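Me: Could you take a close look at the empty space inside this protein for me? I'd like one connected walk through the cavities, and then whatever leads on from them.

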Amino acid sequence: MAGGPGGDAFGDMPFVIGAGVNRDRDLIVMTQRGTLYARPNLACPEIDRFNAESVGLRYDAPSTGRRLVRATEQCRNRLAGEGVDLSAYNTTENAADFADLRKALGIRRWNVYGYSYGTDLGLTYLRRHPQGVRSLAIDSVVPPQIVSLPWTWDSAQEGINTVFAACAAQPACGNRYPNLSRTLTQQVRRLEAHPLTVMAQPPAGGTPVKVVLDGGALVNLLVANAVPAVDVPAALDELAHGNPERFARARAAGATPVIGEFAYGLTQSVACSEWVPGYSQADLLAAGRRAFPGWPDSVLAQAPQLPFQHEACRVWNVPDRTPVQRVTTVSNVPALVLSGTFDAKTGARWGAYAARTLSRSTTVLIPGIGHWVVPQSPCAASVLTSFLTRPTAPDTRCVAGLTPKPFTIVPALESS
């Protein structure tokens, strides 16, 4: 069960196969309703084109929000005009598709693995269709009963602060980059007041593009793990001394999306019916202030990775589904709960939170890994394959010796 919502599950197959889950069993991958290769495909080229342009715009400026909302409305109107019932694209229906697939294939019991939004989907699937589920493995956990826009700030705080704490615990990093939290706050405030406009080459190469780095863009690059965690202290130090190159290149990567690959229509239908209702923009701002006191309100008013979502949902206009979706999954089906300590999208503590009501669960925390653990950690992959063999007693011994990789150390720079 892929992430997003809106990600291409078929494109994830090499990562899952690389983890070895199909060495001695079949791997079944189904593209979720509305995603690439499904019919209809809820791609939004209008939003893809906005995203390409947005690297050269202030991340959280109201004018940027208006452009995003306009692109969202154009996509909605086009899909609705094609006869697509956008209210049918939700986690309840998504889970029912998987239940139908098991029956159609004549499989008595199977193991289910999901990451990111796929954990929200997997937990919903287990709650609504427990029959036939031998085990559930969830990686980078989004608990359906808790996910909301304010929740994103809690996860951002946990992931970013854990990276900084890991740097402080390595003498070479801690001595070279002291007070990273203060440095980040200073740079968020500075860039929000005086955004940088620079030319940067995308990481994949090609012609340099204009990018704008404001406080919101900086924060979202950190949450997205767009700069590898091992490079974050160096990147922040370089930024503070007048060299924004690492962050600028990471921002430039967004200038060349594959048009139509990601199903933003599914993203909007799930977010607007299940994640946004029940919490106001004031609630979101309050959560941001709790997580990062001292940051500008203009940054904290936008959920990480989901900017201007309240406004987008007003034009997407799907029914509130929170009464049937914000429900805790209680189960005695064997479960494996995997989290990475550096995950700033779905904070690691939410794995343990979801596991509290999964009575036969094993919770595994992988140090120094960000979002979507299994492809990044050979240890996590071995735990998963062990779990598939023995769901109530996976071999987790490899975890004990894990520590975060050494952080990048660069020579000290003079302030520019």
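Reply: Let's start with the largest cavity, which holds about 40 Å³ of space. Keep in mind that this is a predicted model. Ten names make up the wall here: Tyr59, Asp60, Trp153, Gly216, Val219, Asn220, Val299, Gln302, Ala303 and Pro304. Helix α9, residues 215-223, gives the largest share of that lining, with three residues. Sorted by class, the lining of the largest cavity comes out as six nonpolar, three polar and one charged.

On to the second largest cavity, where the space is again about 40 Å³. Its lining is made of Leu123, Pro144, Gln145, Thr328, Thr329, Ala354, Thr357 and Leu358. By class, that lining splits into four nonpolar and four polar residues, with no charged ones. Counting cavities of 30 Å³ or more, you get three.

Now for the open kind of space. The second largest pocket has a volume of about 630 Å³. The elements that each give two or more residues to its lining are α1 (9-18), α4 (91-105), β1 (110-115) and α18 (378-389). Of these, β1 supplies the largest share, five residues. In total 25 residues line this pocket, and those nearest its centre are Leu27, Ile28, Asn111, Val112 and Tyr113. As for chemistry, the lining of the second largest pocket has 20 nonpolar residues, four charged and one polar.

Since β1 does so much of the lining, here is where that strand sits. It belongs to an open sheet of four strands, ordered β1-β2-β5-β6 and paired in parallel. β1 and β6 (361-366) are the edge strands, each with a single partner, so one side of each has no neighbour in the sheet. On average, and ignoring direction, neighbouring strands in this sheet are turned by 15° against each other.

The partner of β1 is β2, residues 133-139, and the two pair in the parallel sense over six bridges. Within that pairing, asparagine 111 stands opposite serine 135 of β2. Helix α5, residues 117-128, packs on the sheet and touches both β1 and β2, with its direction at about 155° to that of β2.

To pull the pocket and the sheet together: Asn111 is among the residues nearest the centre of the second largest pocket, and asparagine 111 is also the one facing serine 135 across the strand pair. If you want a spot to zoom in on, that's where the two parts of this tour meet.

Definitions and conventions. Residues numbered from 1 in each chain as written. Predicted model: local features only at pLDDT ≥ 70, side-chain atom pairs only at ≥ 80, totals over all residues. Heavy atoms only, no water. 1 Å grid on protein atoms, 1.4 Å probe; cavity = no way out; pocket = protein on both sides within 12 Å on 5 of 7 lines; lining within 4 Å. Points joined across faces, edges and corners; volume = space filled by probe spheres on them. Nonpolar A, V, L, I, M, F, W, Y, C, P; charged D, E, K, R; others polar. Pairing = 2+ DSSP bridges. Axes fitted to C-alpha atoms, helices over the stretch in contact; angles between N-to-C directions. Contact = heavy atoms within 4.5 Å.
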